[in-house]
Amino acid sequence: MSKAERPFDVIVFGATGYTGRLVAEYLAHGHGRTGLKWAMAGRSAAKLAEVRDLIGAPADTALIVADSSDPASLAAMAGSARAVVTTVGPYQLYGEPVLAACVAAGTDYADLCGEPVWMRQMIDKYDTQAKQTGARIAFSAGFDSIPFDLGVLMLQKAAVERFGQPVPRVKCRVRETKGGVSGGTAASLKASLAAIAAEPALGAIMVNPFGLTPGFTGPAQPPADKPMLDEATGSWATPFVMAIINTKNVHRTNFLLGHPWGTDLVYDEMVLTGPGEQGKAVADYLAVTPMIGTPNDPLPGEGPTPEQRANGLYDVLFIGELPDGRSLRLGVKGRYDPGYGSTSRMIAETGIALTQSDAPGGIGTPGAILGEALVKRLEEYAEITFAVED
């Protein structure tokens with residue numbers, strides 16, 4: 001059957017996990033999306049039913065049994081949906097069978113992957129087939145890397161409107177975040193390090209800002225690997241743990257769109273810690289204090305309370321600079337904690353936006369495939385704002 005005739009618009013694969021349950025809960029309660037046909041998928045029908053009742057989803061919500069180790073079940077799931085959103089990671093351990101099933105069926109796909117080595121391997125292996133089947137594949141459809149990917153996209157749009165040209169230099173500065181690292185993010189980092197240890201050549205992809213742009217390498221990028229006084233903001237800045245994936249996705253979006261922001265784009269990300277000696281002390285402390293990869297990391301499936309999610313937030317500044325000294329600023333602000341509350345909304349809206357897109361198939365990014373259409377959905381439904389500040 002054609003994609004338009006399939007029984008489900010969106011299937012949430014991994015709906016019994018912590019983040020998957022939040023995605024299902026978000027879809028179950030509408031948020032202005034009447035008529036969406038969606039289903040919950042996972043390994044256990046009993047657990048799916050339990051989660052369905054726990055989140056207050058309608059009793060007739062479809063439950064689909066599918067397992068990453070059972071290719072036939074994945075093929076059946078992919079063939080019944082226009083889009084699959086999967087929260088089952090680490091993706092380098094569990095993701096390829098789901099991705100392969102979606103590519104084969106021409107089914108759109110979104111995940112929360114922050115594992116650049118695996119992403120590059122999947123691009124090399126499946127991009128051509130996805131273009132042939134029409135499957136639109138959107139990696140990194142959560143806090144890594146939607147606010148950054150789309151933040152640069154909207155900054156460049158504003159730059160063209162104001163200056164008549166894109167800016168070749170973009171600085172991303174994280175002004176504030178409130179919310180912990182997810183267990184899935186910690187597990188993904190550990191899996192990535194294990195993969196590199198087993199095959200050291202893969203480390204070259206991890207450290208290369210253009211690791212996701214096959215055949216293209218742009219100019220040298222700022223290392224952003226030690227504390228510095230950031231002249232653009234007057235604040236001290238320290239390395240940002242998510243930069244290793246976000247920077248690659250920003251360059252991949254520019255690459256896939258045909259370099260509308262130029263082949264000379266220079267982009268970096270850092271966390272602002274404040275001015276003066278206190279700001280410097282905080283920057284120095286954070287630079288040597290691991291945020292991920294410690295014995296205290298949450299386990300996959302663990303997460304904050306509803307109150308903690310509701311009280312979370314993030315505030316990210318993008319500064320675009322022209323060689324003549326002119327500059328432009330844009331802020332991306334989100335309600336809810338970035339790792340769970342906001343991420344679950346982002347991937348849900350990405351899945352819905354994919355079903356409404358007429359973009360060609362292939363392995364892309366949310367910015368390259370969906371662009372401003374996704375920005376509008378996030379502003380309308382997910383309580384994320386993108387606003388020029390000067």
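**Exercise 1. Locate His 259 and describe its backbone and its surroundings.**

*Solution.* Start with the position: His 259 sits in the loop that runs between α10 and β10 (266-274). Keep in mind as you work that this is a predicted model. Next, look at the backbone: the phi of His 259 is positive, about 55 degrees, although the residue is not a glycine. That deserves a second look, because most residues other than glycine have a negative phi. Finally, check the accessibility: His 259 has a relative accessibility of 17%, so it counts as buried.

**Exercise 2. Repeat the analysis for Tyr 336: is it buried or exposed?**

*Solution.* Tyr 336 belongs to the loop between β12 (327-335) and α13. Its phi is positive too, at about 80 degrees, and again the residue is not a glycine. With a relative accessibility of 10%, Tyr 336 counts as buried.

For a glycine to set beside these two, go to the end of helix α5: Gly 106 follows α5 and has a positive phi near 70 degrees.

**Exercise 3. Find the cis peptide bond that involves Pro 90, then the one that involves Ser 145.**

*Solution.* First, take the bond from Gly 89 to Pro 90, which is cis with omega near -5 degrees. Pro 90 lies in the loop between β4 (81-86) and α4 (91-94).

Then move on to Asp 144 and Ser 145, which are joined by a cis peptide bond with omega of about 15 degrees. Ser 145 is located in the loop between β6 (136-138) and α7. Both bonds are worth inspecting by eye, because most peptide bonds are trans.

**Exercise 4. How many disulfides does the structure hold, and why is Cys 102 not in one?**

*Solution.* A search of the whole structure gives 0 disulfides. To see why for Cys 102, find the closest cysteine sulfur: it belongs to Cys 113 and is 14 Å away, too far for a bond. The cut-off for a disulfide is a pair of cysteine sulfur atoms within 2.5 Å. Cys 172 is in no disulfide either; for this residue the nearest cysteine sulfur is again that of Cys 113, at 19 Å.

Now add the accessibilities. Cys 102 counts as buried, at 1% relative accessibility, and Cys 172 is buried with a relative accessible area of 0%. Cys 102 has company in helix α5 (residues 96-105), where Val 98, Leu 99, Ala 101 and Val 103 are buried as well.

**Exercise 5. Which residues touch the most other members of the largest nonpolar core?**

*Solution.* The largest nonpolar core has 98 residues, and Met 77, Phe 139 and Phe 318 touch the most other members. By element, helix α7 (residues 146-163) gives the most to this core, with 10 residues. Apart from this core there is another, of 5 residues, among them Ile 196, Leu 202, Ile 205 and Met 206.

To get a feel for one of the hubs, select Phe 139 and list what it touches, leaving out residues up to four places away in sequence. The list includes Leu 99, Tyr 109, Trp 118, Met 122, Ile 363 and Pro 366.

**Exercise 6. Which element gives the most residues to the lining of the second largest pocket?**

*Solution.* Begin with the volume, which for the second largest pocket is about 270 Å³. Its lining comprises 17 residues, and those nearest the centre are Leu 256, Gly 361, Gly 362, Ile 363 and Gly 364. Two or more lining residues come from each of α6 (116-133), α10 (243-256), β13 and α14 (366-369). Of the elements, α6 gives the most, with 4 residues. Sorted by type, the lining has 10 nonpolar, 3 polar and 4 charged residues.

**Exercise 7. Compare the settings of Ser 357 and Ala 204.**

*Solution.* Ser 357 is found in the loop between α13 (338-355) and β13 (362-364). It is buried, with a relative accessible area of 17%. Leaving out residues up to four places away in sequence, Ser 357 touches Arg 136, Ile 369 and Leu 370.

Ala 204, in turn, is part of helix α9 (residues 203-207). At 48% relative accessibility, Ala 204 counts as partly exposed. For a last check, draw the C-alpha to C-alpha distance from Ala 204 to Val 117: the two are 9.0 Å apart in space and 87 residues apart in sequence.

Definitions and conventions:
Residues are numbered from 1 along each chain as its sequence is written. This is a predicted model: local features need pLDDT of at least 70, side-chain atom pairs count only at pLDDT 80 or more; totals for chains, interfaces and linings use all residues. Side-chain values use heavy atoms; hydrogens and water are left out. Buried means under 20% relative accessible area, exposed over 50%, partly exposed in between (1.4 Å probe, protein chains only). A nonpolar core is a set of buried Ala, Val, Leu, Ile, Met, Phe, Trp, Tyr and Cys residues joined through side-chain atoms within 4.5 Å. Contact means heavy atoms within 4.5 Å. On a 1 Å grid over the protein atoms alone, a cavity is a set of points where a 1.4 Å probe fits but cannot get out, and a pocket is an open set with protein on both sides within 12 Å along at least five of seven lines; lining residues have an atom within 4 Å of a point. Grid points are joined across faces, edges and corners, and a volume is the space filled by probe spheres set on the points. Ala, Val, Leu, Ile, Met, Phe, Trp, Tyr, Cys and Pro count as nonpolar, Asp, Glu, Lys and Arg as charged, and the others, Gly among them, as polar.
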